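Okay, thanks for squeezing me in. Let me put the model up, and then we'll walk through it piece by piece.

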Amino acid sequence: MRYAVMADLHGKRKALRRVLAAASQAGVDEVVCLGDYLEAKVPMRRHDPARFWPLDEVVDPDPDLWAELVGVRRVLGNQEERIRDLLEPEQIPDLLAPLLTGTSITHVDCAVGMHGHQIGWDFDEESDAFLPRAGDVPVVPLVLVGHTHRRAVFEIRGGGPGSVRSVPVIPGRPVPVPVRAPGAELVTTVVNVGPAIGRPSNWLFFDADRGEVIFEEA
């Protein structure tokens with residue numbers, strides 16, 4: 001199977017269409033969005049589920065975007081969770097409802113896909129990157145995430161201090177899916193797709209049959 005993986009659209013329909021067109025041209029079997037495909041208009045500092053919020057103050061009504069997203073496999077990000085928390089069920093249009101339900105983690109063939117807000121991130125000045133906290137990352141060979149809006153690759157060996165290493169991102173060069181030999185130490189590779197919002201839009205071509213992930217732009 002071959003997948004197009006994206007994250008962090010933040011409600012931009014044109015960005016979604018750019019990635020979908022590129023994915024179609026690449027001949028992928030499925031498109032996966034790792035959360036924050038919508039944009040919550042209420043910032044976290046004003047997050048108050050106890051008060052009534054009109055729909056258009058929480059999210060921009062965009063039936064065309066909602067209809068196109070229904071055909072994409074999705075996991076919930078922090079934006080969708082905030083929108084869901086601020087709206088009463090009777091306020092939610094039929095097209096929007098399925099975009100606010102579902103899972104926060106999915107299996108993309110041999111990989112685990114998640115938005116990444118479930119992970120703690122520490123900024124590392126030396127590598128100019130947000131490093132994932134090893135203890136928050138699923139213990140599997142490959143984890144695909146978004147959230148930080150930075151394309152990045154990390155290797156995690158063990159779970160102690162210094163177990164996370166930033167790996168240079170080289171566009172067009174495949175990132176191999178780690179294969180664990182019997183009795184060998186488990187190495188987890190974390191790939192952050194980068195944001196689809198903006199231009200160019202970032203996405204990943206994940207070829208599970210060949211065992212590689214490639215950073216792409218649309």
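One bit of vocabulary before anything else: when I say buried, I mean under 20% relative accessible area, with exposed being over 50% and partly exposed in between, using a 1.4 Å probe and protein chains only. Keep in mind that this is a predicted model, so local features need pLDDT of at least 70, side-chain atom pairs count only at pLDDT 80 or more, and totals for chains, interfaces and linings use all residues. Residues are numbered from 1 along each chain as its sequence is written, and side-chain values use heavy atoms, with hydrogens and water left out.

Let's start with strand β8, residues 142-145. L142 and L144 point one way, V143 and V145 point the other way, and all of them are buried. By strands I mean DSSP runs of E, at least two residues, and by helices runs of H or I, at least four residues, both numbered from the N terminus.

So where does β8 sit? It belongs to an open sheet of six strands with mixed pairing, in the order β4-β5-β8-β12-β9-β10. Because β4 (105-108) and β10 (164-167) are at the edges with a single partner strand each, one side of each has no neighbour in the sheet. The twist in this sheet averages 25 degrees from one strand to the next; axes here are lines fitted to C-alpha atoms, for helices over the stretch in contact, and angles run from 0 to 180 degrees between N-to-C directions.

Pairing, by the way, requires that DSSP finds at least two bridges between two strands. On one flank, β8 runs parallel to β5 (residues 111-114), joined by two bridges, and V112 has V143 in β8 as its bridge partner. β8 is also parallel to β12 (residues 187-192), through four bridges, with L142 opposite T189 in β12. Further along, β9 (residues 152-157) and β10 are antiparallel, with four bridges; V153 is matched with V167 in β10.

Now the other sheet. This one is also open, with six strands and mixed pairing, ordered β3-β2-β1-β13-β14-β11. The edges are β3 (73-74) and β11 (175-176), each pairing on one side only. Helix α1, residues 13-26, packs on this sheet, touching β1, β2 (30-33) and β13, and its direction makes about 25 degrees with that of β13. I'm calling it contact when heavy atoms are within 4.5 Å.

Within that sheet, β1 (residues 2-6) and β13 (residues 202-207) are antiparallel over four bridges, and A4 stands opposite F205 in β13. β13 is joined to β14 by six bridges, again antiparallel; N202 has E217 in β14 as its bridge partner. Those two strands form a hairpin with four residues between them, and G211 in the turn has a positive phi of about 70 degrees. At the far side, β11 pairs with β14 (residues 212-217), antiparallel over two bridges.

What about the inside? A nonpolar core here is a set of buried Ala, Val, Leu, Ile, Met, Phe, Trp, Tyr and Cys residues joined through side-chain atoms within 4.5 Å. The largest one has 35 residues, and M6, L9, Y37, L38, L69, I83 and L96 touch the most other members. The elements supplying at least two residues each are β1, α1, β2, α2 (55-58), α3 (63-69), α4 (78-86) and β13. α1 gives the largest share, five residues.

Take L9: beyond its neighbours within four places in sequence, its contacts include A15, C33, Y37 and I197. There's also a second, separate core of 20 residues, which includes V5, A7, V108 and our friend L142.

One more helix: in α4, N78, Q79, E80, R82, I83 and L86 are buried, and the buried residues of α4 pack against α2.

To zoom out, the protein has four helices and 14 strands. Buried residues make up 48% of the 218 residues. Of the contacts with a separation of 6 or more, 74% are between residues 24 or more positions apart. The C-alpha trace spans about 55 × 40 × 30 Å along its principal axes.

That's my tour; happy to rotate it for anyone.
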